[in-house]
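Thank you all for coming. I would like to take a few minutes to walk through one structure, with the sequence and the model on the screen, and to spend most of that time on its salt bridges.

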Amino acid sequence: METTYIMIKPDGVQRGLVGEIIGRFEQKGLKLVGLKSMVPSEEIAAKHYEVHKERPFFPGLMKFITSGPVVCMAWSGVEAIKVARTLIGPTNGRDAAPGTIRGDFGMDIGYNMIHGSDAAETAEFELGLWFPEGTMNWNYETQNWVYEG
Ligand code: DAT
Ligand code: MG
């Protein structure tokens, strides 16, 4: 079992895609273990995107991600990190296949609606950053019908 950090960015919220996006993770069979919304501070946004701080798009990315509410989520499942990245699709919506979130709704590399952790270490870091209070431990009964055995 893995837990991944997923975040609907301000463009996803502005475009009214919150329910649609959450539904895709639910329908896949992932387990929701954290959910909240906030307007990110400069501080948390800079920590989250620290790896990109030397990139030319960094200032624009900071302005964008702090511009309005985001939806912060933690989803668990077998290989949840990879599964979520597959649901999300590649960074640029114009390259993303139909059926993926970015492929179905995105036309721009910057406005790509959603973030998903890319590896176990980044998931751990991002979950600690956005969910310092921890995530929920609950019995997901449906799981018995999602995984065989
Ligand atoms: P991903 O979100 O697919 O993990 P990433 O980690 O490479 O992509 O980049 C983080 C975010 O930064 C990405 O979701 C959108 C923005 N970004 C990346 N490359 C960009 C570029 N060339 N121009 C503008 N924004 C970019
Ligand atoms: Mg990334």
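Let me begin with a pair in helix α2 (residues 18-28), where R24 and E20 both lie, 4 residues apart, about one turn of the helix; helices here are DSSP runs of H or I with at least four residues, strands are runs of E with at least two, and both are numbered from the N terminus. This is a predicted model, in which local features need pLDDT of at least 70 and side-chain atom pairs count only at pLDDT 80 or more, whereas totals for chains, interfaces and linings use all residues. Residues are numbered from 1 along each chain as its sequence is written, chains are lettered from A and ligands numbered from 1 in the order in which they are written, and side-chain values use heavy atoms, with hydrogens and water left out.

The side chains of R24 and E20 meet in a salt bridge at 2.8 Å, N to O, the term meaning a side-chain nitrogen of Lys or Arg within 4 Å of a carboxyl oxygen of Asp or Glu. R24 is buried, with a relative accessible area of 18%, while E20, at 37%, counts as partly exposed; buried is under 20% relative accessible area, exposed is over 50%, and partly exposed lies in between, with a 1.4 Å probe and protein chains only. These two residues also belong to a network of salt bridges that links E20, R24 and D104.

How many salt bridges does the structure hold? There are 6, and I will mention two others by name. One is between E133 and K36, at 3.0 Å, N to O, and this pair links distant parts of the chain, with E133 in the segment after α7 (120-130) and K36 in strand β2 (residues 31-38), 97 residues apart. E133 is exposed at 53% relative accessible area, whereas K36 is partly exposed at 23%. The other joins K53 and E50 at 3.1 Å, N to O; K53 is partly exposed, with a relative accessible area of 41%, and E50 is partly exposed, also at 41%.

Stepping back to the whole chain, the secondary structure comes to 7 helices and 4 strands, which follow the pattern β-α-α-β-α-α-β-α-α-β-α along the sequence. The C-alpha trace spans about 50 × 35 × 25 Å along its principal axes, and buried residues make up 46% of the 149 residues.
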